[in-house]
Amino acid sequence: MNNLVPLSQKPDVSGSSLPQKHPKLGVIFLGRRRPGFDMDWGRRMEERVRGWLQQSGFPFCEPPEKAVDDSSLRRAMSAFQSQNVEVIVLLQTTMGDGRLCPTLAQLWPDPLVLWATPEKPDGDMISSCSLVGAHCWASVFRQLGHSFELVYGDPDNSFTLQRFCETIRLAATLRRLRMVRLGAIGGHAPGYFAMGADPFAIHRGLGAQVQTFSLIEFSNVLHELSAADVAEDVARFKEMGLPHKDTSDDDLPMASRLYLTMRHFLDTENLDALTIREWPEMPNTFGQWPYLGVARLTDEGRAVGIEGDADGALSAWMAENLGLGRCYLSDWLEHDQDTITLWHGGAAPLSLCEPVGEPGGPRVARHFNIKKPAVIEATIRAGMPVTVFRFWRLDGKYFLTAREGETLKPRRHLMATNALARMNAVPHEWFEDICHAGMPHHVAVVRGHHKALLRRMARVMGITFI
């Protein structure tokens, strides 16, 4: 099961997460110059698809005429340009002309969605050949090296509609990825070379851009924050009701400054994702770790990586855009024959943790190693289906891995953020595979089972799935 988070259910940033709009669809019903097959059945199926789209919540537009040849297809695509269309959906409720494929591949560089509708269930007449037509187009797009996704089925079928929604998310995410702006503050942590933000490799592999900022720039913003803004944020945080472990309210102003400074860079620099080098400088320079702020931002739907983990932050951005919900970037601490201990220094999103006030619920604490505030000490909630995944670069190419499991109650308490997950894979075999593939040591953890969706994403991106 995928457990996708409906986009329409995400509140805005003044609540607990960022708004995420539905992508606008450009829907092309391919026509025929000459009647063929069961044209009445084709019209009926077209009306059913259009009727469902009108109720779906997806904004969409259609060209004023059907695409039946090169000229009409070009007019259709030209009409979409002024409509800010993000995803093209192609349907041939009766088989269309495959000669239009190369033109469409030239006009639209992003993944295309081919939706094939079913045959008429009675009579001895071949009614539409819709799936045959989609198969023809798919083979041509693959030969052209152009990405696409397939949907097959009746709009009244729940599986069809689930597949359609997933496919739209995939196509929109990959189109948006080419516009992503990742901010890297301070570089990567010492020795963590594989996490570094190589702007050229990231652009070539994903289309995203990287902008770098120094820790001095970060410090300047932090110290320019007004006392009133800091006090207002402290009050807002205290309303969340998180207890202290070995910290006090006196630690909260600096924690708010770190949070507000990261949010400043995300907002004023138009960043879609952010990663920050927090050690060794931050606890020594500011007297605090930024993990409480990272946890808050992550729970708001922001994609934030730590230790300079660029692809980790992009993994979190992709999870949010695919509708998978909050993303926890974690170390793979240890494993046995069927479980993984997932642990990190204290920046997990609160919504993935045990409830506040319950055993294992989040508390504000000092760092486990360098005993300075402020981190989130918490246990990831037990009995939750999870997917553990990761994007990364090796030899200039991108890779993706994902496995599914379920969280358990940890066998022992660990300071900072602690989780135990029983995996639907042999952990040591998977661990060896990803180590030999050069994967950095952070994994991304999201609620729900999404391996099949992420495998499809790798396929559409043309990257290797491990």
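Which helix does Phe80 lie in? The legend to View 1 has the answer, and like every view here it shows a predicted model.

**View 1. Phe80 and its surroundings in helix 2.**
Phe80 sits in helix 2, the stretch covering residues 70–81. With a relative accessibility of 4%, Phe80 counts as buried, since the cut-off for that label is under 20%. Leave out residues up to four places away in sequence, and Phe80 touches Gly26, Val27, Ile28, Cys61, Glu62, Pro63, Val85 and Ile88. For a sense of scale, take Glu149: Phe80 and Glu149 are 69 residues apart along the chain, and their C-alpha atoms are separated by 20 Å.

**View 2. Helix 9 against helix 11.**
Here we look at helix 9 (residues 252–268) and helix 11 (residues 291–299), whose axes come within 8 Å and cross at roughly 50°. That angle makes helix 9 oblique to helix 11, and helix 9 passes helix 11 in a right-handed crossing. On the helix 9 side, the contact is made by Ala255, Ser256, Tyr259, Met262, Arg263 and Leu266, while helix 11 brings Leu292, Gly293, Val294, Arg296 and Leu297. Sorted by class, the contact of helix 9 with helix 11 has 7 nonpolar, 2 polar and 2 charged residues.

**View 3. Helix 8 against helix 9.**
Now turn to helix 8, residues 227–238, which packs with helix 9 at an angle of about 105°, the axes being 9 Å apart. Helix 8 and helix 9 are therefore roughly perpendicular to each other. From helix 8, the residues in contact are Ala227, Asp229, Val230, Asp233, Val234, Arg236, Phe237 and Lys238; from helix 9, they are Leu252, Pro253, Ser256, Arg257, Tyr259, Leu260 and Arg263. Split by class, the contact of helix 8 with helix 9 comes to 8 nonpolar, 1 polar and 6 charged residues.

**View 4. Helix 7 against helix 9.**
Helix 7 (residues 215–224) is another partner of helix 9: their axes come within 9 Å and cross at roughly 120°. That makes helix 7 oblique to helix 9, and helix 7 passes helix 9 in a right-handed crossing. Glu217, Phe218, Val221, Leu222 and His223 are the helix 7 residues making the contact, and Met254, Arg257, Leu258, Thr261, Met262, His264 and Phe265 are those of helix 9. The class split for the contact of helix 7 with helix 9 is 7 nonpolar, 3 polar and 2 charged.

**View 5. Inside the largest nonpolar core.**
In soluble globular proteins, nonpolar side chains tend to be buried together. The largest such core in this model holds 62 residues, and Ile185, Phe218, Leu342 and Ile380 touch the most other members. Helix 9 gives the most to this core, with 8 residues. A second, separate core of 37 residues has Leu206, Met318, Ala319 and Met461 among its members. Zoom in on Leu342 and, leaving aside neighbours within four places in sequence, its contacts are Tyr328, Ser330, Asp331, Val388, Thr417, Asn418, Ala419, Ala421, Val443 and Val445.

**View 6. Two cis peptide bonds.**
Most residues other than glycine have a negative phi, and most peptide bonds are trans. Trp279 and Pro280, though, are joined by a cis bond with omega of about 10°. Pro280 is placed in the loop between strand 8 (273–276) and helix 10 (281–285). The bond between Pro373 and Ala374 is cis too, with omega about -5°, and Ala374 is found in strand 13, residues 373–379.

**View 7. Positive phi at Glu307 and Asp395.**
Glu307 is not a glycine, yet its phi is positive, at about 60°. Look for Glu307 in the loop between strand 9 (303–306) and helix 12 (310–321), where it is buried, with a relative accessible area of 6%. Asp395, also not a glycine, has a positive phi of about 55°. Asp395 belongs to the loop between strand 14 (385–394) and strand 15 (397–408), and at 73% relative accessibility it counts as exposed.

**View 8. Thr379 in strand 13.**
Thr379 is buried, with a relative accessible area of 13%. Not counting residues up to four places away in sequence, Thr379 touches Cys353, Glu354, Gly360, Pro410 and Asn418. Thr379 and Gly153 are 226 residues apart in sequence, with 42 Å from C-alpha to C-alpha.

Technical notes: Residues are numbered from 1 along each chain as its sequence is written. This is a predicted model: local features need pLDDT of at least 70, side-chain atom pairs count only at pLDDT 80 or more; totals for chains, interfaces and linings use all residues. Side-chain values use heavy atoms; hydrogens and water are left out. Axes are lines fitted to C-alpha atoms, for helices over the stretch in contact, and angles run from 0 to 180 degrees between N-to-C directions. Helices (H or I, at least four residues) and strands (E, at least two) are DSSP runs, numbered from the N terminus. Angles under 35 degrees count as roughly parallel, over 145 as roughly antiparallel, 65 to 115 as roughly perpendicular and the rest as oblique. A crossing is left-handed if the near helix is turned anticlockwise from the far one by less than a right angle, and right-handed if clockwise. Contact means heavy atoms within 4.5 Å. Ala, Val, Leu, Ile, Met, Phe, Trp, Tyr, Cys and Pro count as nonpolar, Asp, Glu, Lys and Arg as charged, and the others, Gly among them, as polar. A nonpolar core is a set of buried Ala, Val, Leu, Ile, Met, Phe, Trp, Tyr and Cys residues joined through side-chain atoms within 4.5 Å. Buried means under 20% relative accessible area, exposed over 50%, partly exposed in between (1.4 Å probe, protein chains only).
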